Every structure is written in structure tokens, then in C-alpha cells.
Amino acid sequence: MTQTSPHPNSPSPQRFPVVVVGAGPAGLTVGCILRAAGVDCLVLETETREFIERRPRAGVIEEWAVRGLEQRGLAGNLLERAERHIACEFRFAGERFRFPYHELTGRHHWVYPQPLLVTDLVHEYADLRGGAIRFAVRDVMLHGLDGHSPSVSYMSPETERREVVECDFLAGCDGARGVSRAALQPGRARTARHDYGIGWLALLAEAPPSADCVLFGCHPDGFAGQMPRSPQVTRYYLQCPPGDDPDNWPHDRVWAELRRRLGADGAAPPAEGRLIEKRVLDMHDYVTEPMVHGRLFLAGDAAHLVAPIAAKGLNLALHDAFLLGDALVARLTKGDDSGLAEYEAACLRRVWDYQEFSQWLSELYHGGAAGDPFRAGTTLARLRRLFTSPAAAAAFAEQYLGTAERY
Ligand code: RFL
């Protein structure tokens with residue numbers, strides 16, 4: 001929510017050069033970059049530390065993103081513990097088709113559960129780099145976005161009062177349901193949205209993965225996916241109607257559908273285990289433009305959401321955060337404005353490229369189950385082409401791994 005002037009009952013407003021709204025991967029990475037350069041900032045987060053360190057979400061991180069974390073001293077645990085993935089496997093027409101992207105390109109993916117990354121980043125920011133952070137704040141409001149001295153106010157859980165913090169710059173990193181994007185609307189920004197008309201039942205199972213790689217089951221009854229997270233926990237997805245009730249998916253139905261849709265000659269069936277997360281995602285994408293308003297800079301899901309079809313959201317959040325963190329440091333330590341001026345354009349080139357790839361991949365996953373024999377035919381042709389045309393395979397690998405030389 002936004003209002004023109006801060007609520008008056010804060011006794012003495014504090015001041016930080018940067019306030020970061022949201023302690024997800026984007027906000028924490030920006031915070032760590034600022035602290036490493038000796039720039040003070042405050043991170044505000046509506047949830048508790050325990051909650052954000054456990055919230056299950058992404059797992060697939062692209063090589064360039066890990067390199068970016070490493071260059072900023074943020075990948076120590078990740079490089080020790082993450083798994084290197086070198087292939088994925090498509091299953092269609094009752095057969096298995098392994099796509100060995102490492103063999104084709106020399107590149108790989110990292111698999112590291114998002115809660116572990118967030119735990120590492122909070123520890124680095126708050127415990128090692130001495131960054132200020134307030135958890136469990138409520139009713140965050142942004143003020144004075146049109147001027148040179150914006151501010152943020154929030155209800156403090158400790159004082160039960162509205163606290164006001166003045167700043168030079170605001171980083172809006174509060175995800176898809178935060179207040180930063182809303183502060184730009186109406187009339188200040190346009191959100192372009194795409195709905196796939198498809199639901200995914202997102203599942204986390206206490207079970208080892210049934211294969212050493214990501215599996216994509218392109219089945220006439222709907223998509224099924226397996227994304228390994230750790231030797232003990234596996235993420236699965238099952239295509240379902242949008243808005244479906246997770247209660248329509250009892251344990252036995254889930255495992256029967258996973259076995260059927262991921263079934264193929266010579267393939268081990270998914271290892272059954274307790275389902276520790278079960279929720280329906282209505283698949284959609286959006287991009288908000290502009291990502292910058294005055295001294296407010298949006299980053300990550302606050303600015304753009306990409307459905308988990310191609311496992312790109314966390315990667316885009318990190319891409320924004322590297323650019324924004326570095327640009328703020330340049331501005332605040334050297335007076336160099338160029339990074340901030342180029343920030344939005346540099347983010348959006350990769351964002352739109354990844355959005356386009358997600359759309360393309362969605363047809364590969366879902367086209368065969370659309371109930372349209374023509375789409376089923378073209379989808380099968382698209383799938384087969386990946387395994388018959390080296391040019392098509394190279395293009396897929398580049399987009400899947402995010403390795404294009406330029407965006
Ligand atoms: P986050 O992670 O949502 O963090 C935003 C933080 O802001 C807090 N917040 C507020 N704080 C202060 N004031 C407010 N008013 C606030 N409102 C909210 C929230 O509590 C939260 O802590 O956004 P960020 O940092 O931009 O990071 C984005 C990623 O989390 C997201 O894109 C990925 O999780 C997407 N995603 C995946 N991405 C990948 O790259 N690879 C994957 O394998 C992958 N799998 C997934 C995914 C997302 C999923 N969900 C959520 C649909 C799997 C799933 C199931």
C-alpha cells in the first residue's frame with residue numbers, strides 16, 4: 001500500500017541509504033551485496049526467520065547464477081552441497097528420451113533447495129555481514145515515491161507502533177503478493193499477464209527420486225514432472241484443472257497418476273513416500289513495466305512472475321538482484337548512476353526471453369493433453385525434433401540452461 005506521507009506516530013524516524021522490502025532470494029542477495037561494500041541497508045520481511053528458512057519452492061539454479069553468487073562470496077555452502085545435473089529426460093509415447101545437455105554443451109544445472117539458499121543468505125546478511133533486518137513486520141507502506149527521499153513505514157511486532165524509515169533508495173523485492181508492485185499502480189505501470197488455463201498440483205514427497213535427473217512426462221492425460229531436491233525429498237508436478245481442490249488428490253490417486261504419466265519402457269516407477277506439500281498452482285506469467293519508479297526499483301517476483309514450467313523464477317530473481325545490488329553500490333559509493341539507468345532494460349531482456357521459452361515449453365508439456373488431435377500431432381513432432389535435429393537440440397539446451405551469449 002502507498003500513501004503520500006508517512007504515518008506520524010513514529011517517535012524518531014530512522015534512516016538507511018537503502019531499504020529492501022522482502023527477504024526472499026532477491027532481497028537478501030541485494031542486501032548481501034550492499035553490506036559487502038559497506039553500504040547500510042534495512043531489510044523488512046513480513047514472515048519470521050524460521051518460516052522463510054523452511055518455505056519450500058525452487059531447486060534448479062542455472063550455472064551463471066551460481067557463478068554470480070560465487071563472485072559475490074555467497075555460494076560457499078551451495079558449492080559444497082548442491083548436486084550437479086547433467087541431463088533431463090522426456091517420457092512420451094511409452095518411451096524414455098534422455099537429453100544429455102552437458103554432453104551437448106559442456107554446461108550443467110545445479111540443484112539446491114531454495115530454503116537452503118535463503119538460510120545461507122540470511123546468515124550471511126544478518127549474522128556475518130551485520131545487516132539490519134526486521135522480521136514479522138506488518139502493514140508495510142511505501143511513501144514519497146515521487147521525490148528524492150522516499151520512506152517506508154511498518155507496524156513493528158515488538159513496539160506495536162508504526163515505525164518510519166527514511167532512505168535514498170527502495171528495493172521492492174517482496175514477491176508476487178507484496179506491496180511494492182501495488183504501489184506502482186494504477187496508472188503508473190502496466191502488468192502484462194498470460195494465463196495458461198492449466199493447473200499444476202505441486203507436490204513434495206518424502207521419497208528419493210526415481211531417476212538421477214529431472215523427468216518430463218508428456219502424457220495424453222496430462223503432464224507429470226519429477227524434480228529431484230535431495231536424496232530424501234522429491235518434487236513432483238501433476239497437470240490438473242486450474243482451481244482444482246488439492247483434496248481431490250488423495251495419496252493413492254497421486255501415486256497412481258505419477259506412475260501412469262511417468263511410465264515408460266524400462267523406467268523405474270516413482271518411489272512412493274509421504275506427501276508433505278500438496279497445492280494447486282494456476283499457471284500464469286506476468287511482467288510489470290516499468291520496473292523502476294523514481295527511487296523504487298522492483299526485483300524478482302515483485303516485478304515479473306514466470307510459471308514454474310521452465311524453473312526460471314529464482315534465476316531471474318538472482319539476475320535482477322545482482323544488477324540492482326551492483327548498481328546501488330556504484331551509485332552510493334562512487335556516484336556512478338549508469339547501472340541504475342540501465343537496470344530495467346538489462347533485466348527485461350532476459351525476463352522476456354525466459355517468458356517466451358516458458359510458453360514454448362508449455363506446449364511441449366501440455367499440447368498432447370489438450371484434447372485437440374491437431375495440437376497433439378504438432379506437439380509430438382516438436383518433441384521428436386529435440387531428438388532428431390542437432391540444431392533443435394542445441395537451441396533447446398541453450399534456452400533450458402540460460403546460456404545465450406547475449407540477451
Ligand atoms: P520471494 O521468494 O517470494 O520473496 C519475497 C519475500 O517478500 C516477503 N514479503 C514481504 N516483505 C515485506 N513486506 C511485504 N509487504 C511483503 N510481502 C511479501 C515474502 O514473505 C518473501 O519472503 O520472491 P523473490 O525473492 O523475487 O524470489 C523469487 C523466487 O522465490 C521464485 O521465482 C521461485 O521460487 C520460482 N520457482 C522456481 N524458480 C526457479 O528458478 N527454479 C525452480 O525450480 C522453481 N521452482 C518456483 C518453483 C516457485 C514455486 N511456487 C512458489 C509456485 C516451484 C514452486 C512450487
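Helices and strands here are DSSP runs numbered from the N terminus, a helix having at least four residues and a strand at least two. The model is predicted.

The ligand is a convenient place to start. Around the ligand stand 37 residues, and the closest are E45, R55, R57, Q114 and L314. Four elements, α1 (25–36), β16 (234–240), β17 (274–289) and α9 (313–334), each supply at least two residues of this shell. Helix α9 gives the most, with four residues. By residue type, the shell divides into 17 nonpolar, ten polar and ten charged residues.

Several backbone atoms come within polar contact of the ligand. A backbone N or O atom of L314 lies 2.8 Å from an oxygen atom of the ligand. The ligand, taken alone, exposes 1,000 Å², and the protein buries 91% of that. At P25, a polar backbone atom is 3.2 Å from a ligand oxygen. At V60, a polar backbone atom is 3.4 Å from a nitrogen atom of the ligand.

Strand β16, one of the elements that supply the shell, also holds T234. T234 has a relative accessible area of 0%, so this residue counts as buried. Its side chain reaches the backbone oxygen of A207 at 2.6 Å.

A charged residue can be buried as well, and D174 is an example. D174 lies in the loop between β12 (162–172) and α7 (180–183). D174 is buried yet has no salt bridge. What is the nearest side chain of opposite charge to D174? That side chain belongs to R181, at 7.4 Å. A salt bridge requires a side-chain nitrogen of Lys or Arg within 4 Å of a carboxyl oxygen of Asp or Glu, so a pair at 7.4 Å does not count as one. The side chain of D174 does make a polar contact of 2.9 Å with the side chain of S180.

Elsewhere such pairs do form. Side chains of opposite charge can pair when their charged atoms come close. The count for this model comes to 25 salt bridges.

One of these bridges sits within helix α8 (residues 251–261), where R261 and E257 are four residues apart, about one turn of the helix. Their side chains meet with an N to O distance of 2.8 Å. Is this pair buried or exposed? R261 has a relative accessibility of 5% and therefore counts as buried. E257, at 13%, also counts as buried. The pair belongs to a wider set, since D221, E257, R260 and R261 are linked in a network of salt bridges.

Two further bridges can be set beside that pair. D40 and R35 meet through their side chains at 3.0 Å, N to O. The two partners fall in separate classes of accessibility: D40, at 42%, counts as partly exposed, whereas R35, at 18%, counts as buried because the limit for buried is under 20%.

D337 forms a salt bridge with R331, and the closest N and O atoms of the two are 2.9 Å apart. D337 has a relative accessible area of 43%, so D337 is partly exposed. R331 has a relative accessibility of 23% and is likewise partly exposed.

Notes: Residues are numbered from 1 along each chain as its sequence is written. This is a predicted model: local features need pLDDT of at least 70, side-chain atom pairs count only at pLDDT 80 or more; totals for chains, interfaces and linings use all residues. Side-chain values use heavy atoms; hydrogens and water are left out. A residue is near a molecule or strand if one of its heavy atoms lies within 4 Å of it. A polar contact is a pair of N or O atoms within 3.5 Å; within protein, one must be able to donate a hydrogen and the other to accept it, and residues adjacent in sequence count only if both atoms are side-chain atoms. Accessible areas come from the Shrake-Rupley method with a 1.4 Å probe; for residues, only the protein chains shown count as cover. Ala, Val, Leu, Ile, Met, Phe, Trp, Tyr, Cys and Pro count as nonpolar, Asp, Glu, Lys and Arg as charged, and the others, Gly among them, as polar. Buried means under 20% relative accessible area, exposed over 50%, partly exposed in between (1.4 Å probe, protein chains only). Lys and Arg count as positive and Asp and Glu as negative; His and the chain ends are not counted.
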